[in-house]
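I opened a fresh page for this chain. My plan was to look up contacts, helix packing and cores.

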Amino acid sequence: MAAEAGKEMEKGPEAQPDPEAFIMPKKRAKRKLEAGAESMETEQPQPRKRPQFPAVSQHLLDGKAEFRTVPIPSHRYTPLKENWLKIFTPIVENLQLQVRFNLRTRNVEIKTCKDTHDLSSLTKAEDFVKAFVLGFQVEDALALIRLDDLFLETFEITDVKPLKGDHLSRAIGRIAGKGGRTKFTIENVTRTRIVLADSKIHILGSFQNIKMARTAICNLILGSPPSKVYGNIRAVASRVAERF
């Protein structure tokens, strides 16, 4: 027993680890992580292919005709009568729709038929007639039929700042300018079309251009001088042109 205890005493110091001894870290797990990271970096995700579905034609549906109506205010009767042929022709010939002016209800009625191939043409025709009713020229409103990225936006001066009486009149005058110069300048720089109808403002154009024109008009309503507004919108328009 004493001999065994002596042997254990002899083995004791050798079995206990030296705290000052340097122990090499295990690199196996790290190597595995690095190999996994390299494999993740080398594997590039392939872009997903989006499915492209053709436009649904009218005859593939249940056969029911879609119907839209656009009310015409009294002050637009005469312009509608004078430009009816320009409005009627693109809706019937290009969009393959049926259109009429109902004298009893005083609405422009647009309807699909068996020759209609694209259902989105009904919305285009409705936007085209609405743009003309709001005061845009027929040539400008036709862009809603030809292009897909054009929109209409309407807001009032009182939405930007609550003005009344002469203050409201002066704000309208600042937007229009002398002889309409300010409005024409904003239209040319932002590539939009603007209609001033009393305290309402209608803007026709793309999303980015409408944003620039709306910002310029809001600055004029808040009292900024036209020269400062011209400089701001020209700077923004140049940056957008360089970006694209």
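What percentage of the contacts between residues at least 6 apart in sequence join residues at least 24 apart? I found 58% in the protein chain. I note that the model is predicted.

**Entry: overview.** I listed the elements next. The protein chain has twelve helices and six strands. I then checked burial. Of the 244 residues in the protein chain, 31% are buried.

**Entry: α4 against α5.** I looked up how these two helices pack. Their axes come within 11 Å and cross at roughly 170 degrees. The cut-off for roughly antiparallel is over 145 degrees, so α4 and α5 count as roughly antiparallel to each other. I logged the crossing as right-handed. On the α4 side I see K86, I87, P90 and I91. They meet A125, F128, V129 and F132 of α5. By class, this contact has seven nonpolar residues, one charged and no polar.

**Entry: the largest core.** Which residues have the most contacts inside the largest nonpolar core? I wrote down I87, I91, L97, V108, I110, F128 and V129. The core holds 26 residues. I traced the elements that give two or more residues to it: α4 (84-94), β3 (107-111), α5 (120-134), α6 (138-141) and α7 (143-146). The largest share is from α5, with seven residues. I87 and I91 also sit in the α4 contact with α5, as do F128 and V129 on the α5 side.

**Entry: L97.** I followed one residue of this core in detail. I left aside neighbours within four places in sequence. L97 then touches I91 and V92, and also I110, K111 and T112. Its other contacts are T116, S121, L122 and A125.

**Entry: a second core.** I found another core, separate from the largest one, with 18 residues. Among them are A171, I186, A216 and I217.

**Entry: α10 against α11.** Which residues make the contact between α10 and α11? First I took the geometry. Helix α10 (residues 181-190) packs on helix α11 (residues 207-221) at an angle of about 150 degrees. Their axes are 9 Å apart. The two helices are therefore roughly antiparallel. Their crossing is right-handed. From α10, I listed T182, I186 and T190. From α11, I listed N209, M212, A213, A216, I217 and L220. I sorted the residues of this contact into six nonpolar, three polar and no charged. I186, A216 and I217 belong to the second core as well.

How values were computed:
Residues numbered from 1 in each chain as written. Predicted model: local features only at pLDDT ≥ 70, side-chain atom pairs only at ≥ 80, totals over all residues. Heavy atoms only, no water. Axes fitted to C-alpha atoms, helices over the stretch in contact; angles between N-to-C directions. Helix = DSSP H or I, 4+ residues; strand = E, 2+ residues; numbered from the N terminus. Parallel < 35°, antiparallel > 145°, perpendicular 65-115°, else oblique. Left-handed = near helix turned anticlockwise from the far one by under 90°. Contact = heavy atoms within 4.5 Å. Nonpolar A, V, L, I, M, F, W, Y, C, P; charged D, E, K, R; others polar. Core = buried A, V, L, I, M, F, W, Y, C linked by side-chain atoms within 4.5 Å. Buried < 20%, exposed > 50% of the residue type's maximum accessible area, 1.4 Å probe, protein only.
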